[in-house]
Amino acid sequence: MAPSHPDGGQVAASTEGAAPRVLVILGHPRLDSFCAALAGAYEAGARTAGFEVERLDLVSLAFDPNVRTPSPREQPLEPNLARAQALIRWADHLVFVYPAWWGTLPALLKGFLDRVLTPGFAFEAQDEDPASWTKLLKGRSAHLLVTMDTPSWVYRLIYRQPGHQAMRRATLGFCGVAPTFISTFAPVKPATAEMRARWLGQARAEATRLPGRLRRHALLRRAGAWLRLLRLQFYPMAWVAYTIGALAAARHGAFSRPVYWLGYLCLFLMEALTVVSNEWFDQGTDRLNRHAGPFNGGSRVLADGELGPRSVRRAMAGLALALGASLAALGAVQAPSGSGLAAMIALAVLAAGYTVPPLKLVYRGLGELDVGLTHSFAAIFVGGLLQSGIWRDPFPWLTGLPLFLATLSAITLSALPDHEADHAVAKRTLAVLLGRRGAAWAALGFAVAAAVCGVVWQRWGLFGGTSGLLVFLALPHALLLARAILRYLRRGAPCERIDGLMALALTYLLWFGIIPLAHLS
């Protein structure tokens with residue numbers, strides 16, 4: 001349905017490339033102020049650029065700025081505030097013009113925001129999870145034109161921009177308004193007439209630059225969505241394991257740089273194809289997940305609509321083609337036996353099979369085992385086999401055991417916040433099969449076993465020299481991780497984000513990649 005114009009009638013919804021609808025809100029309590037002149041300059045620039053423009057001078061509105069009921073939604077809106085909400089709903093771009101008094105907003109503007117940005121209009125809280133909310137003003141951008149007598153560098157570096165941060169993040173960002181651009185005019189009190197005239201010209205120019213700014217922001221936001229989709233934070237461990245295998249093969253006098261880099265290109269594309277396909281096939285659980293974070297719950301670019309299904313399908317197809325071409329190139333340069341290429345293809349099937357049909361290993365209770373293998377034994381084995389063709393060397397297999405156990409611990413913990421959503425779609429992670437408490441105990445056991453295994457390997461001389469002593473630096477880390485897991489268990493193993501615990505688990509497993517690398521290099 002097309003949005004209603006606040007003064008009646010229907011307006012076509014804005015589409016990409018159309019002239020934006022602009023609402024200029026003057027938050028200064030005097031109409032003869034320099035802020036009022038800035039608002040007028042921006043308004044004039046926007047009209048000259050062909051935009052639809054509406055203006056609200058808050059000092060002219062009759063409303064109670066105080067919230068007098070337990071919830072703002074319970075307090076009836078005065079007619080002026082009802083029209084203000086209609087204008088905000090109508091607008092594509094919100095321009096707030098106000099002075100920074102005592103570092104933040106004038107009381108008039110603060111009271112207006114308190115009354116207008118109500119639950120059900122600007123946001124909607126989730127009763128079952130106070131930490132979650134729905135942003136209802138998405139699709140709008142904003143610009144703050146702020147005057148102050150404090151020098152702008154003092155406000156930025158010493159005071160840390162409290163008013164800017166409050167408006168951009170805690171107010172507009174909370175409700176989904178993004179991006180928010182900020183122009184600061186300071187210091188106003190000693191400014192000459194010429195300086196004020198330049199500032200008014202700048203305000204007019206800001207309006208005409210709006211379409212280009214929004215296009216650039218859209219491109220950057222889309223690029224950011226693609227980066228989040230790729231989830232590059234999980235790639236280093238596969239590279240570490242692969243490099244351990246390659247360096248272990250070099251002990252037998254076999255190491256080819258072209259084979260190493262082509263092999264890693266295949267591994268990188270394989271990892272990218274795996275995470276993108278996981279995003280596609282895990283849409284059901286991602287949309288239900290209320291506890292997604294940087295280490296769990298996917299990138300959410302599909303669930304949040306930042307990328308469309310067609311784009312992600314094309315990305316999967318492109319990555320599959322690139323992987324096929326890289327495997328063909330690898331086959332052309334590696335040893336004639338071809339055993340390394342066969343192992344790389346098997347690794348690709350195993351990695352993608354985490355969620356891709358028909359394997360769908362995570363839906364069969366094998367997901368943690370799959371991730372543990374592909375990021376330890378399998379990657380080490382492939383790295384060595386590509387170089388030497390030797391698969392009976394015990395070093396890579398022994399080296400991979402503590403890395404496998406530490407990876408199992410981390411991947412088991414990562415499913416705890418996803419438990420409710422995964423259970424709803426019959427995804428059989430250890431957290432679903434054992435319950436959150438059982439899975440947390442299993443993760444603790446895997447972490448302790450990795451530490452014990454590392455110490456045993458050091459005592460046996462597998463990790464010799466100075467590098468072997470690094471195992472003993474991993475032990476305090478293991479204790480910290482164990483303590484964090486036990487603290488989580490004492491709190492009843494709730495279904496919630498565990499970012500701190502995940503950071504401990506992921507950095508813990510790094511030890512069991514760094515130690516073999518240090519030993520081999």
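This is a tour of a predicted model, moving from its confidence values to a helix pair, its empty spaces and a few backbone details.

**Colouring by confidence**

Start by colouring the protein chain by pLDDT. The mean for the chain is 90, and 94% of its residues reach 70 or more. Select strand β3, residues 93-99, where confidence is highest at a mean of 98. Then select helix α18, residues 465-468, where confidence is lowest at a mean of 68. Now select residues 8-16, a stretch where the pLDDT is below 50. Beyond near neighbours in sequence, residues 8-16 have 20 contacts in the model.

**The α8 and α14 pair**

Next, select helix α8, residues 235-250, together with helix α14, residues 377-388. The two helices pack at an angle of about 35 degrees, and their axes are 6 Å apart. The crossing of α8 and α14 is right-handed. To see what makes the contact, show the side chains on each helix in turn. On α8 the contact residues are Ala238, Ala241, Tyr242, Ile244, Gly245, Ala246 and Ala249. On α14 they are Ala379, Ile380, Gly383, Gly384, Leu386, Gln387 and Ser388. By class, this contact comprises nine nonpolar residues, five polar and no charged.

**The largest cavity**

Keep α8 and α14 on screen and add α15, residues 394-414. These three helices are the elements that give two or more residues to the lining of the largest cavity. About 90 Å³ of space lies in this cavity. To centre the view, pick Gly384, Ser388, Ile390, Asp393 and Pro396, which are the closest to the cavity centre among the 13 residues of the lining. Gly384 and Ser388 also belong to the contact of α14 with α8. Which helix gives the most to the lining of the largest cavity? The answer is α14, with four residues. The lining as a whole holds eight nonpolar residues, four polar and one charged.

**The second largest cavity**

The count of cavities of 30 Å³ or more comes to two, and the second largest has a volume of about 40 Å³. Go back to β3 and add α3, residues 107-116; each of these elements supplies at least two residues of the lining of the second largest cavity. Select the lining in full: Ile88, Leu94, Phe96, Phe112, Leu113, Val116, Leu117, Leu137 and Leu172. The largest share, three residues, comes from α3. By class, the lining of the second largest cavity divides into nine nonpolar residues, no polar and no charged.

**The second largest pocket**

Return to α8 and α15, and bring in α9 (257-281), α10 (283-288), α12 (339-352), α13 (367-374) and α20 (499-520). Each of these helices supplies at least two residues of the lining of the second largest pocket. The volume of this pocket is about 950 Å³. Its lining has 45 residues, and those closest to the centre are Arg231, Phe234, Val371, Ile411 and Ser414. Which helix supplies the largest share of the lining? Select α9, from which seven residues come. The lining of the second largest pocket includes 21 nonpolar, 14 polar and 10 charged residues.

**Backbone details**

Finish with three places in loops, with the backbone shown as sticks.

- Select alanine 178 and proline 179, which are joined by a cis peptide bond with omega of about 0 degrees. Proline 179 is in the loop between α5 (162-175) and β7 (180-185).
- Select proline 357 and proline 358, where the joining peptide bond is also cis and omega is about 5 degrees. Proline 358 sits in the loop between α12 and α13, two of the helices that supply residues to the lining of the second largest pocket.
- Select arginine 160, whose phi is near 65 degrees, a positive value in a residue other than glycine. Arginine 160 is in the loop between α4 (152-157) and α5.

Definitions and conventions
Residues numbered from 1 in each chain as written. Predicted model: local features only at pLDDT ≥ 70, side-chain atom pairs only at ≥ 80, totals over all residues. Heavy atoms only, no water. Axes fitted to C-alpha atoms, helices over the stretch in contact; angles between N-to-C directions. Left-handed = near helix turned anticlockwise from the far one by under 90°. Contact = heavy atoms within 4.5 Å. Nonpolar A, V, L, I, M, F, W, Y, C, P; charged D, E, K, R; others polar. pLDDT = per-residue confidence, 0-100. 1 Å grid on protein atoms, 1.4 Å probe; cavity = no way out; pocket = protein on both sides within 12 Å on 5 of 7 lines; lining within 4 Å. Points joined across faces, edges and corners; volume = space filled by probe spheres on them.
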